[in-house]
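Trainee: Could you take me through one part of this structure up close? I'd like to hear about the salt bridges and how exposed their residues are.

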Amino acid sequence: MDKLQLTVATWDYDRVRPLIDGRVKIEGCDVNYLVMPVEECFHRAYFHGEFDVAEIGLSPFLIALSRGTAPYVAVPAFLSRMFRHSAVYTRADRGIDTPQDLRGKRIGVPEYQMSAVLWVRGFLKDDYGIEASDISWVQGGLEKFGRKDKFPLNLPKDFPLTIAADGQSLSDMLAAGDLDAVISARAPSCFIDRHPQVKRLYADYRSAEKEYYARTGLFPIMHALGVRRDMAQKHPWLPASVYKAFSEAKHIADGDLREVTALKIGLPWVTAELESTQAIMGDDFWPYGIEPNRKTLEAMARYSYEQGLAVRHLDVDEIFAASTLEALCV
């Protein structure tokens with residue numbers, strides 16, 4: 001029986017490299033694996049449906065799912081996770097010294113709906129009582145004008161969200177003082193270039209993120225995997241096979257991280273960093289699957305609805321392919 005020809009696209013993570021180099025196979029499939037930056041992957045997947053399996057931003061996916069227009073079926077292999085206290089960049093001359101000082105400010109975001117921004121708005125509300133409507137939002141490309149939403153928003157009529165003027169990037173606007181802050185997964189170039197008036201809100205973001213995790217138990221999810229819906233319908237076994245393969249690849253990457261005899265990761269104190277992380281977050285600090293992540297996924301679904309993204313409050317168990325709801329043995 002001929003194997004299914006499958007095109008897979010993700011970024012180049014340690015947890016997917018065993019699939020890229022062929023050590024792990026997706027059962028029943030011959031895979032053409034494409035590696036590309038996440039922004040390109042999302043654009044080509046969501047706007048053009050180019051890939052059979054793709055890394056997907058989870059926040060835009062929740063919007064599409066709530067509207068019944070999701071072009072992919074989600075698989076709970078969470079390729080990208082990151083605490084996002086480090087993602088808030090502010091002007092040093094606007095009196096923004098604490099998170100509470102963001103209330104009433106003009107803040108730029110590459111996309112209002114992107115996962116990183118959803119998580120920042122989430123902790124601003126939960127921890128500091130700042131509603132999304134308490135901030136004036138400006139959407140635009142971080143370095144280039146023209147970035148656009150993947151799916152329609154569900155915001156009130158007079159919600160304070162505007163689009164940056166033609167030709168303006170968020171980084172340039174922050175440097176010029178036209179914005180009070182920017183929230184972005186990538187650091188704006190004005191920060192990288194050490195603009196004297198641009199700083200991180202959380203200078204010691206690592207301590208803030210450790211405290212956040214210890215208090216909430218939330219490890220923010222950015223990206224999952226998607227199987228194009230027509231492929232999943234035609235081949236019902238495919239989502240489970242994809243999940244199984246990506247779980248196996250992560251297991252190999254976890255082993256590489258724990259190798260102490262001859263370091264496989266090019267960081268001298270990687271073992272000490274691993275031990276420090278395990279002391280705070282447990283041995284499997286980056287779990288796949290639904291149950292180990294239910295609390296985080298419930299928070300994300302709540303944020304999506306509260307922030308005018310999803311049109312209804314999604315239940316966690318409806319987010320992912322039914323065949324991936326139970327843990328798989330790999």
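Mentor: Let's start with Asp21, which is partly exposed, at a relative accessible area of 46%. Keep in mind that this is a predicted model. The side chain of Asp21 meets that of Arg23 in a salt bridge, 2.9 Å from N to O. Arg23 is partly exposed too, with a relative accessible area of 47%.

Now hop along to Arg44 and Glu50, whose side chains form a salt bridge at 2.7 Å, N to O. Arg44 has a relative accessible area of 24%, so it counts as partly exposed, given that buried means under 20%. Glu50 lands in the partly exposed class as well, at 36% relative accessibility.

The pair of Asp93 and Arg91 is worth a look next: their closest N and O atoms sit 2.8 Å apart in a salt bridge. Asp93 is partly exposed, with a relative accessible area of 41%. Arg91, on the other hand, has just 6% relative accessibility, so it counts as buried.

Salt bridges can also link up into a network, as they do for Lys125, Asp126, Glu131, Arg302 and Glu306. Across the whole structure there are 27 salt bridges. As for the charges in general, the chain has 39 positive and 46 negative ones, and the mean positions of the two sets are 2 Å apart.

To put that in its setting, buried residues make up 52% of the chain's 330 residues. The accessible surface comes to about 14,900 Å², and carbon and sulfur atoms account for 51% of it.

Definitions and conventions
Residues numbered from 1 in each chain as written. Predicted model: local features only at pLDDT ≥ 70, side-chain atom pairs only at ≥ 80, totals over all residues. Heavy atoms only, no water. Buried < 20%, exposed > 50% of the residue type's maximum accessible area, 1.4 Å probe, protein only. Areas by Shrake-Rupley, 256 points an atom, 1.4 Å probe, with all protein chains shown as cover. Lys, Arg positive; Asp, Glu negative; His and termini not counted. Charge placed at Lys NZ, Arg CZ, Asp CG, Glu CD. Salt bridge = Lys/Arg side-chain N within 4 Å of Asp/Glu carboxyl O.
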